[in-house]
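Biologist: Got a minute to walk me through this model? I'd like to go over the sheets, the cavities and a few odd residues.

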Amino acid sequence: MTKPARLSNATLSHLSKEVTRPGYDRSQTKIGIVHLGIGAFHRAHQAVYTDSVLASGDNSWGILGVSLRSGDTRDALEPQDGLYTVATRSGDEDSFRVIGSIGGLMVAPENPAAVLDAMTNAAVRIVSLTVTEKGYCYSPASAALDEAHPDIVHDLANPAAPKSAIGFIVEAISRRRANKIEPFTLLSCDNLPANGETLRRVVTRFAELRDSELANYIKEKIAFPSTMVDRIVPATTEADRATTLSATGLVDAWPIMTEPFTQWVIEDHFPAGRPAWENFGATFVEDVDAFELMKLRLLNGSHSTLAYLGYLAGHETVSDVMKAPGFSELIKAMMDEEISPTLPPLPGFDLEAYKAQLRERFCNPALRHRTWQIAMDGSQKLPQRLLNTIRKCIDNGLPFDRLALGVAAWMRYVTGADEKGDAIDVRDPLAAELKKRAANKNNAEELVTAFIGMDQIFGRDLPENEAFVQLVKTQLAKLMRLGAAKTVTQIV
């Protein structure tokens with residue numbers, strides 16, 4: 001039996017007829033975007049929009065993908081000439097598309113000088129990021145640069161060999177300025193409130209610690225448009241690779257599985273120019289804040305709540321959780337009664353339809369979005385996804401029982417043992433401290449007291465709010481006494 005060929009430029013013609021492929025000459029594409037954090041979400045989202053731009057005839061926006069930590073993505077995609085398959089799965093039928101917008105791949109720790117050279121190229125007009133919350137080296141509670149972060153300390157001492165996204169960005173700006181090269185636009189595509197402003201804050205502060213004149217240059221010359229991004233992208237499995245091979249006829253080391261829904265709302269501030277993403281579904285606006293809050297609180301807040309409670313209740317995927325008794329009702333009530341009243345007005349936007357669409361997406365069985373995957377890095381996600389919503393509820397005298405249950409579920413999860421006593425693989429930048437604080441704590445009172453003292457997560461206001469503290473204790477006590485499944489059915 002003949003071994004199937006690997007996806008590459010040379011084998012594109014071997015693809016099954018049903019598979020969509022790049023509709024342009026990739027050899028003529030120029031790198032116009034350097035993307036830091038070339039993970040699955042970027043490849044399912046921004047790279048797909050950009051692939052459509054390239055197919056429309058504008059070949060100046062190829063992407064150089066940079067991994068800041070691991071070489072896994074480069075190792076998978078480089079033998080494929082940067083090509084990969086996006087499988088869109090709805091539960092009814094799947095469609096497959098090969099994306100060609102990634103024109104190069106680098107691993108920053110292997111050659112930081114080469115990454116800086118690429119970022120200094122005058123053809124590069126946008127540097128974009130999907131580095132997750134922890135990649136901004138900031139305190140989630142204050143959104144200020146963590147000046148004691150080991151990577152920040154290193155990068156200040158070694159500007160020519162940075163480790164962090166922030167270090168690479170500031171050094172590249174410094175070099176372009178010195179060489180009189182026009183500045184690029186910095187485009188955050190991470191799930192952070194006011195992500196452009198957050199990026200501006202940490203970049204400017206880092207520059208101030210290096211050189212006040214450089215900081216002033218950044219304040220005057222660099223654009224930081226905020227964005228709202230949305231598409232559910234589960235981790236790729238071996239079964240997904242087998243499905244892709246069967247559908248396309250070619251081996252793809254790292255295909256992407258995703259849903260039909262995709263959304264990208266962008267503030268239109270690109271002094272150096274930008275791709276015409278709006279021709280392919282992106283929405284350009286003057287101010288993205290209201291859209292970002294809506295998505296962070298309704299989608300991401302609900303997603304995290306489902307992940308922690310669902311994992312504790314023994315469910316592997318979000319669609320499994322949504323089928324379990326009480327969970328769909330819990331999320332609907334949380335959206336309607338606790339989250340929606342905290343949102344700013346969105347004139348002309350159908351919020352009820354959006355919430356219904358979210359719940360439908362959560363139910364998509366084809367995605368197999370694992371609760372454990374969503375639960376990662378909770379200490380970084382909790383402030384934006386749940387705690388800031390709770391703060392708004394407190395300010396407005398609104399209930400937040402279900403939001404507090406989500407917080408309590410996170411606390412129960414990060415103890416590191418599930419309801420059967422089996423170990424939980426807690427992936428979090430603060431995992432060691434969380435484990436230490438949970439040690440020998442046997443009841444809700446002790447656990448809440450231990451965790452709520454982490455001001456990098458809870459700030460200093462929430463620990464002093466008696467109503468918040470007591471409600472989280474009450475919800476955690478229920479989880480510990482009844483278990484997640486039974487608690488959910490009771491709270492509804």
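Modeller: Sure, here is a tour of the sheets first, then the cavities and some single residues. Keep in mind that this is a predicted model.

Biologist: OK, sheets. What is the strand order in the open sheet of five strands?

Modeller: The order is 5-2-1-6-7, and the pairing is parallel. Strand 5 and strand 7 are the edge strands, each pairing on one side only. On average, neighbouring strands of this sheet are turned by 20° against each other, ignoring direction.

Biologist: How many bridges join strand 6 to strand 7?

Modeller: Four, with strand 6 covering residues 126-129 and the two strands running parallel. As one spot to look at, Val127 stands opposite Leu186 of strand 7.

Biologist: And which way do the side chains of strand 7 point?

Modeller: Thr185 and Leu187 point one way, while Leu186 and Ser188 point the other way. All four are buried.

Biologist: What does helix 4 pack against?

Modeller: Its buried residues pack against strand 1, strand 2, strand 5, strand 6 and helix 6. Helix 4 spans residues 112-120, and its buried residues are Pro112, Val115, Leu116, Ala118, Met119 and Thr120.

Biologist: Why would residues three or four places apart in a helix point the same way?

Modeller: An α-helix has 3.6 residues a turn, so residues with that spacing point the same way. In helix 4, Pro112, Val115 and Met119 are among the buried ones.

Biologist: Now the sheet of three strands. What's its order?

Modeller: That open sheet goes 8-10-11, with mixed pairing. Its edge strands are strand 8 (227-230) and strand 11 (283-285), which each pair on one side only. Neighbouring strands here are turned by 15° against each other on average, direction ignored.

Biologist: How do strand 10 and strand 11 pair, parallel or antiparallel?

Modeller: Parallel, over three bridges, with strand 10 made up of residues 263-267. Glu267 has Val285 of strand 11 as its bridge partner.

Biologist: Which helix packs on that sheet?

Modeller: Helix 10, residues 289-312, packs on the sheet and touches strand 8, strand 10 and strand 11. The direction of helix 10 makes about 35° with that of strand 8.

Biologist: Switching topic: how many cavities of 30 Å³ or more turn up?

Modeller: Two, from a search of the whole structure. The largest cavity holds about 50 Å³ of space, and the second largest has a volume of about 40 Å³.

Biologist: What lines the largest one?

Modeller: The lining is Ile232, His303, Val318, Ser319, Arg361, Phe362, Asn364, Leu367, Arg368 and His369. Helix 11 (318-323) and helix 13 (351-362) are the elements that give two or more residues to that lining. By class, you get four nonpolar, four polar and two charged residues.

Biologist: How many charged residues are in the lining of the second largest cavity?

Modeller: None: that lining splits into five nonpolar and five polar residues. The residues are Ile33, His35, His42, Gln46, Thr50, Ser128, Leu187, Cys189, Trp264 and Trp277. Strand 1 (31-36) and helix 2 (46-55) each supply at least two of them. Leu187 also came up earlier, as one of the buried residues of strand 7.

Biologist: Last topic, single residues. Which ones have a positive phi although they aren't glycine?

Modeller: Lys180, at about 55°, and Asn440, at about 65°, both fit that description. Lys180 sits in the loop between helix 6 (165-178) and strand 7 (185-188), and Asn440 in the loop between helix 17 (431-438) and helix 18 (444-452).

Biologist: Is Lys180 buried or exposed? And Asn440, buried or exposed?

Modeller: Lys180 is exposed, with a relative accessible area of 76%. Asn440 is exposed as well, at 73%.

Biologist: What about Ile38, buried or exposed?

Modeller: Ile38 is buried, with a relative accessible area of 2%, and lies in the loop between strand 1 and helix 1 (40-44).

Biologist: What is Ile38 in contact with, leaving aside its neighbours within four places in sequence?

Modeller: Ile38 is in contact with Arg43, Gly65, Val66, Ser67, Thr73, Ile102 and Leu105. As for Ile218, its C-alpha atom is separated from that of Ile38 by 25 Å, and the two are 180 residues apart along the chain.

Conventions. Residues are numbered from 1 along each chain as its sequence is written. This is a predicted model: local features need pLDDT of at least 70, side-chain atom pairs count only at pLDDT 80 or more; totals for chains, interfaces and linings use all residues. Side-chain values use heavy atoms; hydrogens and water are left out. Buried means under 20% relative accessible area, exposed over 50%, partly exposed in between (1.4 Å probe, protein chains only). On a 1 Å grid over the protein atoms alone, a cavity is a set of points where a 1.4 Å probe fits but cannot get out, and a pocket is an open set with protein on both sides within 12 Å along at least five of seven lines; lining residues have an atom within 4 Å of a point. Grid points are joined across faces, edges and corners, and a volume is the space filled by probe spheres set on the points. Ala, Val, Leu, Ile, Met, Phe, Trp, Tyr, Cys and Pro count as nonpolar, Asp, Glu, Lys and Arg as charged, and the others, Gly among them, as polar. Two strands pair if DSSP finds at least two bridges between them. Contact means heavy atoms within 4.5 Å. Axes are lines fitted to C-alpha atoms, for helices over the stretch in contact, and angles run from 0 to 180 degrees between N-to-C directions.
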